[in-house]
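Please look over the structure shown here and read the report alongside it.

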Amino acid sequence: MPIQIIWGNDLNACDKHIQNIINQHVSKNWEVLNISKLNGDDPNQVIQALEEAQIPPFGEGARIIVLKNNPIFNNKNETLTIKFELNALSIPDSNFLILQNIQKPDARIKTSKFLKKLIQEGKALENSFSLPNIWDFDSQIKFIENIAKNKNICLEEGCGEAILSSVGMDSSRLNNELNKAILYIEAKSPKIEQAKNQKIKITLEDANTIFSDHQSNIFKII
């Protein structure tokens, strides 16, 4: 999809998603010329992003323009609205304009309504990556369990609380700590490593061993 909207306060997850798009579509041989990373806090760079999105990629692969702190769907600006609507319809299929912001697009703004239409027509894609509210304990545990599930890890009851208490809600750190946990469990049960499709179960005892030490590192786990 030529236009990718990415929003949410889980910046690590946002960055990872953007990097996955780059890895999937941009040729390594041409990435220096085909990747632009701009800052939406600068009005000139916003215009630059929209204009660069019209330029086909050099060589093979796709061209990607990343505009962080994108203001287009959250700030009312008639000039910017007109510029975006004109340019959005003429972006080459080989290009990706990635518009990222912590805030969700404001549904009251004209550009957000235009975005909704593009999504319905299959010309844009929206992804959100948000951390649970600090006061929402159940959602925090669910968040940890979902990250574990994506790694083929089954958490015993109480493990989520132990991990939350030690690691917190930093998704990048959660991923790193769960990767260490996988090494620990595989070392305890070598057969698990051979059965790649088998779920790895972390017991509460394992969780207390792995996550209770705030100074734990990969060498201790090994």
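The report covers the basis of the model, its aromatic pairs, a charged surface patch and one cysteine.

## Basis of the model

This is a predicted model, in which local features need pLDDT of at least 70 and side-chain atom pairs count only at pLDDT 80 or more, while totals for chains, interfaces and linings use all residues. Residues are numbered from 1 along each chain as its sequence is written, and side-chain values use heavy atoms, with hydrogens and water left out.

## Aromatic pairs

A pair of aromatic rings is described by the distance of the centres and the angle of the planes. Rings of Phe, Tyr and Trp (its six-membered ring) are taken to pair if their centres lie within 6.5 Å, and planes under 30 degrees apart count as stacked, over 60 as edge-to-face and the rest as tilted. By this rule there are two aromatic pairs. In one of them, Phe73 and Phe84 meet edge-to-face, at 5.4 Å centre to centre and with 90° between the planes. Phe73 lies in the loop between strand E3 (63–68) and helix H4 (78–88), whereas Phe84 lies in helix H4, so this pair ties together parts that are eleven residues apart in sequence. Helices (H or I, at least four residues) and strands (E, at least two) are DSSP runs, numbered from the N terminus.

Phe84 also forms an edge-to-face pair with Phe114, at 5.8 Å centre to centre and 85° between the planes. Because Phe84 lies in helix H4 and Phe114 in helix H5 (residues 110–120), the pair ties together parts that are 30 residues apart in sequence. Ring pairs thus link Phe73, Phe84 and Phe114 into a cluster. Buried means under 20% relative accessible area, exposed over 50%, and partly exposed in between (1.4 Å probe, protein chains only). Phe73 is buried at 1% relative accessibility, Phe84 is buried at 1%, and Phe114 is buried at 14%.

## Charged surface patch

Asp138, Glu145, Glu157 and Glu161 gather in a patch of negative charge on the surface; such patches are made of residues with over 30% relative accessible area and no salt bridge (a side-chain nitrogen of Lys or Arg within 4 Å of a carboxyl oxygen of Asp or Glu), and like charges are joined within 9 Å. Asp138 lies in helix H6 (residues 137–150) and is exposed, with a relative accessible area of 59%.

## Cys14

Cys14 is found in helix H1 (residues 11–25) and counts as buried, at 1% relative accessibility. The C-alpha atoms of Cys14 and Ile185 are separated by 29 Å, and these residues are 171 residues apart along the chain.

Technical notes: Patches are made of residues with over 30% relative accessible area and no salt bridge: like charges are joined within 9 Å, nonpolar side chains (Val, Leu, Ile, Met, Phe, Trp, Tyr) within 5 Å. Accessible areas come from the Shrake-Rupley method with a 1.4 Å probe; for residues, only the protein chains shown count as cover. Lys and Arg count as positive and Asp and Glu as negative; His and the chain ends are not counted. The place of a charge is taken as NZ of Lys, CZ of Arg, CG of Asp or CD of Glu.
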